[in-house]
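Student: Could we go through this protein model together, starting with the overall fold and then looking at some details?

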Amino acid sequence: MTLDLAAVPTLSLTDYSHGAPEAKAAFCDALYQGLTRYGFIILKDHSVDTALLEKAYDLSAAFFALPDADKHAYICKAGQRGYTPFGTEHAKDSPTPDLKEFWHVGRETFEAPARAADHPENVWPADMPAFKETFLALFDALDATGRLILEALTPRLDVASDFFEPIATDGNSILRLLHYPPLRDDVPEGAVRAAAHEDINLITILAAASASGLELLDRDGAWLPVETDRNNLVVDAGDMLARLTNDVIPATTHRVVNPKGPNVSRYSMPFFMHPNSDAMLSCLPSCKGDGAKYPDITAGAFLQQRLREIGLMD
C-alpha cells in the first residue's frame with residue numbers, strides 16, 4: 001500500500017477483517033505508519049452499524065437537552081459513570097475547565113465475572129428506555145472494533161497476534177457521550193471546548209463528531225484539523241500504548257477548538273479503550289531501543305494517577 005503521509009490516512013477495515021493476506025499486511029503497515037506519523041488514522045468500512053450511530057446521536061442530544069437539575073440527578077460519585085457537569089474536567093496541567101459536559105457508559109459483560117467487582121455500576125436516565133440498549137450495543141461494537149485494531153498492530157510490534165487479548169479482555173473501557181454547548185458570553189479567557197491533551201488509554205475510537213473542531217498536533221508542531229465523513233471512525237493512540245511501545249507510537253496531543261462559524265452545539269462519542277486494571281504496562285522488547293523510558297505500572301494505577309490529574313478523582 002502506498003500511504004499518503006501528507007494527511008491523516010483513511011483506511012478500510014475490511015482490508016484487514018476480510019482481505020486477502022496481501023491486503024491484511026498492507027493494512028497493518030498503513031495503520032502502524034499512520035499512528036507513528038500522526039497518532040491518528042481514519043477508519044471506513046467498519047462494522048459499527050450506521051443506524052446505531054445515528055440513534056446514539058439522537059439520544060445523546062435528547063439527554064443533554066434536559067434541564068440541568070434533571071441531569072444533575074445522575075451525577076455518580078462511584079467513578080466514571082453517569083453524568084459529569086459542564087466545567088468539571090480540565091486538561092492535565094491546565095487550570096481552566098473545558099467547555100463541555102458528558103455521560104459515561106462502562107462495561108457490563110465480563111469474561112471473568114470476578115472482574116465485575118472492580119467496575120462501578122452504570123446508571124441510566126429515567127424515561128429514556130432506549131438509552132441503555134443503544135449505548136450498550138454501541139459499547140460492544142466499538143470494543144470489538146478496537147480489538148481488531150490492536151490485533152492489526154501486532155505484526156509491526158513483533159508480538160503474537162493475540163498479544164493484546166489478555167490485556168484488553170474485561171478492560172476498563174469507557175464510552176463517553178460528549179456535549180459542547182454553544183459558547184456563552186461569559187466564557188473565561190483562554191477557555192476552549194477541550195484544551196490540548198493526550199488520551200490516557202490504549203486507543204480511542206471516535207465516532208465522527210457532529211461539527212468540526214478536532215485538531216491534532218503534528219510531529220512538526222503544526223495544528224491540523226481532523227475531519228471525515230459522519231459515519232467514519234477516527235482512531236488515535238493514547239498514553240498506555242505509548243508506554244507499551246516506548247513512544248515508538250507516541251500519544252498525540254489534540255484539542256477541540258471553539259467554533260469559528262455558527263455557535264452551535266457539538267456532539268461526539270469517543271470510546272476510550274483501556275486494558276483491565278491488573279494488566280502491566282511494560283515496554284515491549286521490540287521497542288526498547290536504548291532502554292525503557294517508563295517504569296512498569298499496572299493499568300489501574302496509571303488510570304487513577306491520570307484521573308486525579310484531570311480533576312475526575314480526588
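Tutor: Happy to; what follows is a set of questions and answers on this predicted model.

Student: Great! What radius of gyration does the chain have, and how does that fit the globule rule for 314 residues?

Tutor: Let's begin with the make-up: the chain holds 8 helices and 14 strands. For 314 residues the globule rule gives 20 Å, and the chain comes close to that, so it is as compact as a globular protein of that length. The C-alpha trace spans about 55 × 45 × 40 Å along its principal axes. The radius of gyration asked for is 19 Å.

Student: Among contacts between residues at least 6 apart in sequence, what share joins residues at least 24 apart?

Tutor: Some background on burial helps here: 51% of the 314 residues count as buried. Now take the contacts between residues at least 6 apart in sequence; the share that joins residues at least 24 apart is 77%.

Student: Is M273 buried or exposed?

Tutor: M273 sits in strand β12, which covers residues 266–273. Buried means under 20% relative accessible area. The relative accessibility of M273 is 0%, so M273 counts as buried.

Student: Which residues does M273 contact, leaving aside neighbours within four places in sequence?

Tutor: A distance sets the scene: I200 is 73 residues away from M273 along the chain, yet their C-alpha atoms are separated by 9.3 Å. With the sequence neighbours left aside, the contacts of M273 are D143, G146, R147, L150, A168, S173, N201, L202 and I203.

Student: Moving on to helix α8, against which elements do its buried residues pack?

Tutor: Helix α8 runs over residues 299–309, and its buried residues are A299, G300, F302, L303, R306 and L307. They cover an arc of only 160° around the axis, which puts them on the same side of α8. An α-helix has 3.6 residues a turn, so residues three or four places apart point the same way. The elements that these buried residues pack against are α7 (239–244), β13 (280–281) and β14 (297–298).

Student: Which residue with a positive phi follows α8?

Tutor: Look just past the helix for a phi near 85°. The residue with that positive phi is G311.

Student: How do the residues lining the second largest pocket divide into nonpolar, polar and charged?

Tutor: The second largest pocket has a volume of about 240 Å³. Of its 16 lining residues, F86, L99, P181, P182 and R184 are the closest to the centre. The lining divides into 9 nonpolar, 1 polar and 6 charged.

Notes: Residues are numbered from 1 along each chain as its sequence is written. This is a predicted model: local features need pLDDT of at least 70, side-chain atom pairs count only at pLDDT 80 or more; totals for chains, interfaces and linings use all residues. Side-chain values use heavy atoms; hydrogens and water are left out. Buried means under 20% relative accessible area, exposed over 50%, partly exposed in between (1.4 Å probe, protein chains only). Helices (H or I, at least four residues) and strands (E, at least two) are DSSP runs, numbered from the N terminus. The arc is that of the directions from the helix axis to the C-beta atoms. Contact means heavy atoms within 4.5 Å. On a 1 Å grid over the protein atoms alone, a cavity is a set of points where a 1.4 Å probe fits but cannot get out, and a pocket is an open set with protein on both sides within 12 Å along at least five of seven lines; lining residues have an atom within 4 Å of a point. Grid points are joined across faces, edges and corners, and a volume is the space filled by probe spheres set on the points. Ala, Val, Leu, Ile, Met, Phe, Trp, Tyr, Cys and Pro count as nonpolar, Asp, Glu, Lys and Arg as charged, and the others, Gly among them, as polar. The radius of gyration is taken over C-alpha atoms; the globule rule is 2.2 Å times the number of residues to the power 0.38.
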